[in-house]
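Q: Please pick one strand in this model and take me through it closely, including who sits next to it. After that, show me what the rest of the chain looks like around it.

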Amino acid sequence: SQLSQALNGLSDRAKEAKEFLVQLRNMVQQIQENSVEFEACLVAQCDALIDALNRRKAQLLSRVNKEHEHKLKVVRDQISHCTVKLRQTTGLMEYCLEVIKENDPSGFLQISDALIRRVHLTEDQWGKGTLTPRMTTDFDLNLDNAPLLQSIHQLDFVQMKVSSPVPAPPILQLEECCTHNNSATLSWKQPPLSTVQVEGYILELDDGNGGQFREVYVGKETMCTVDGLHFNSTYSARVKAFNKSGVSPYSKTLVLQTSEDTQSEEQTLPFPVPLERSQLRRMSPFSSTLNLQPSFPGRSYFELRSSAHQLSLHSSLQSLNSAVDIKKMVAVAWFSFDPASAHADIIFSNDNLTVTCNSYDDRVVLGKTGFSKGLHYWELSIDRYDNHPDPAFGVARIDVLKDAMLGKDDKAWAMYVDNNRSWFMHNNSHTNRTEGGITKGATVGVLLDLTRRTLTFSINEDQQGPVAFENLEGLFFPAVSLNRNVQVTLHTGLPVPEFYTSRSAM
């Protein structure tokens with residue numbers, strides 16, 4: 001009996017040991033799988049760093065090439081100038097030697113005074129500094145790579161997981177959010193890849209006058225309608241999730257406008273859904289905002305704004321009243337340049353409609369509005385231009401290079417132009433050289449047709465070259481690159497030019 005009881009206890013331990021061995025074997029498999037996944041992630045992160053370094057290397061090499069071209073131009077100009085003066089001086093010397101050989105004293109005296117003055121004048125033109133090089137051969141550029149090398153040596157792993165994580169910030173579902181008279185309906189969800197358990201949500205709303213937020217809902221539901229708001233007021237709303245471990249950061253802030261007319265029954269305006277959602281640069285503490293502003297019945301306008309950039313889409317909506325048939329609507333966009341996303345060397349004036357630069361290098365500035373559909377046209381008037389630089393005009397992604405000519409990378413589609421001709425450029429590829437340039441007072445037009453997915457340019461209301469780019473798809477921001485010798489002013493909210501409407505009719 002005692003031996004049997006002892007065997008039963010030992011059998012239980014053996015069973016537990018077998019189960020433990022199965023668990024350990026499963027851990028071996030899981031470790032191998034996690035190792036492959038982690039190595040792939042590490043390689044991807046290091047490759048991204050290498051790509052960033054290569055891009056920076058290309059930018060620095062471009063600066064060196066510009067310095068090289070500048071030095072060569074200055075020296076060649078001085079060579080040309082000095083050669084012309086030397087040829088003139090040599091010719092004068094040869095002529096004077098022939099005059100000295102003149103045997104007729106009276107003939108010599110008639111021209112000698114003039115020749116003496118001319119010789120002295122020519123000698124004075126070879127004054128101080130004329131025979132001094134205007135440019136040094138040294139490149140006054142010193143690459144400070146010590147901080148980057150130190151950062152690379154300090155690159156190491158950090159613990160990314162916590163034992164009990166808090167939820168991720170909820171995502172507002174734009175397609176389900178709307179306003180109606182003096183009420184607002186908001187909907188949200190957790191990020192698709194989030195596996196953290198959520199126990200509930202807290203919805204907060206301000207007082208409609210920019211005041212403090214207050215809680216208007218706490219619970220497990222992911223949709224809430226808030227009634228009793230003030231008419232013709234702007235409210236800000238945000239939501240956060242919570243569980244036993246704590247509270248998540250806030251979602252992006254939703255800014256919405258209640259109806260102006262208490263009698264209107266057609267002010268229910270759903271948020272339009274963008275064809276391509278922009279990947280936002282997340283800035284702590286989640287300062288992005290969304291604006292809804294009714295403009296006229298049947299159309300809505302919303303703006304996704306963050307500290308890094310803005311996105312706005314115009315959408316023609318179906319009529320909310322069956323008696324109204326909206327066949328076609330063209331949304332006209334008014335926008336200005338965006339200081340938040342521009343290079344630091346860009347100088348703004350005229351309510352951010354006029355820009356120039358304090359650098360001789362090309363710098364990029366974007367418009368505040370991004371487009372993913374529709375037909376859009378804007379113009380840029382040339383306020384200052386000295387016939388030497390090559391400003392570029394077009395569209396770009398939000399992450400385009402800001403310290404190079406527009407079109408140097410694959411994030412921009414542009415036309416760069418001088419005082420004689422123009423070229424189209426994308427990903428540093430130059431195409432379709434076209435005669436006809438710009439001068440001070442000229443007007444450059446940019447026509448973005450995302451229905452046909454084309455980009456067309458004009459100068460002084462005449463189409464410049466063929467259709468510049470085709471098969472465009474995604475989110476595009478108006479963009480310009482210029483240096484200190486150029487100043488342009490933006491004009492928006494313009495009708496489509498005649499050359500394009502005529503072509504469309506054909």
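**A strand and its neighbours**

A: Let's start with one pair of residues: N243 faces G246, which belongs to β8. This is a predicted model, so keep that in mind as you look around.

Two bridges hold β7 and β8 (residues 246–247) together, and the two strands run antiparallel. Together they make a hairpin, with two residues separating one strand from the other.

Now follow β7 itself, residues 234–243. Eight of its 10 residues are buried, so "mostly covered" is a fair description, since buried here means under 20% relative accessible area.

β7 has other partners too. Strand β4 (residues 200–205) pairs with β7 through six bridges, again in the antiparallel sense. To find that pairing on screen, look for Y201, whose bridge partner in β7 is A241. Strand β9 (residues 253–257) is joined to β7 by four bridges, and this pair is antiparallel as well. Here the residues to look for are Y235 and its bridge partner L256 in β9. If you're wondering what a pairing rests on, strands of a sheet pair through backbone hydrogen bonds, either parallel or antiparallel.

Next, compare that with β6 (residues 223–226), where the side chains take turns. C224 and V226 point to one face and are buried. M223 and T225 point to the other face and are not buried. β6 pairs with strand β3 (residues 183–189) over four bridges, in the antiparallel sense. One of the residues involved is M223, the bridge partner of S187.

Zoom out, and you'll meet sheets further along the chain. One is an open sheet of seven strands, ordered β13-β14-β25-β16-β21-β22-β23, with antiparallel pairing. Its edges are β13 (346–349) and β23 (462–463), and each has a single partner strand, so one side of each is left without a neighbour in the sheet. Inside that order, β14 (residues 354–357) and β25 (residues 486–491) are joined by two bridges, and V355 has V488 in β25 as its bridge partner.

Another open sheet has six strands in the order β15-β24-β17-β18-β19-β20, also with antiparallel pairing. At the edges are β15 (363–366) and β20 (429–435), each pairing on one side only. From one strand to the next, the twist averages 20 degrees. β15 is joined to β24 (residues 477–482) by four bridges, and L366 finds its bridge partner in A479 of β24.

The chain isn't just strands, though. Helix α1 (residues 2–100) and helix α2 (residues 105–125) have axes that come within 11 Å and cross at roughly 155 degrees. The two helices are therefore roughly antiparallel to each other, and their crossing is left-handed. Among the residues that meet there are L92, Y95 and V99 in α1, with F108, I111 and L115 in α2. By class, the contact has nine nonpolar, three polar and two charged residues.

For the overall tally, the protein chain has four helices and 25 strands. It has 506 residues, of which 38% count as buried. Among contacts with a separation of 6 or more, 64% are between residues 24 or more positions apart.

Key
Residues numbered from 1 in each chain as written. Predicted model: local features only at pLDDT ≥ 70, side-chain atom pairs only at ≥ 80, totals over all residues. Heavy atoms only, no water. Buried < 20%, exposed > 50% of the residue type's maximum accessible area, 1.4 Å probe, protein only. Pairing = 2+ DSSP bridges. Axes fitted to C-alpha atoms, helices over the stretch in contact; angles between N-to-C directions. Parallel < 35°, antiparallel > 145°, perpendicular 65-115°, else oblique. Left-handed = near helix turned anticlockwise from the far one by under 90°. Contact = heavy atoms within 4.5 Å. Nonpolar A, V, L, I, M, F, W, Y, C, P; charged D, E, K, R; others polar.
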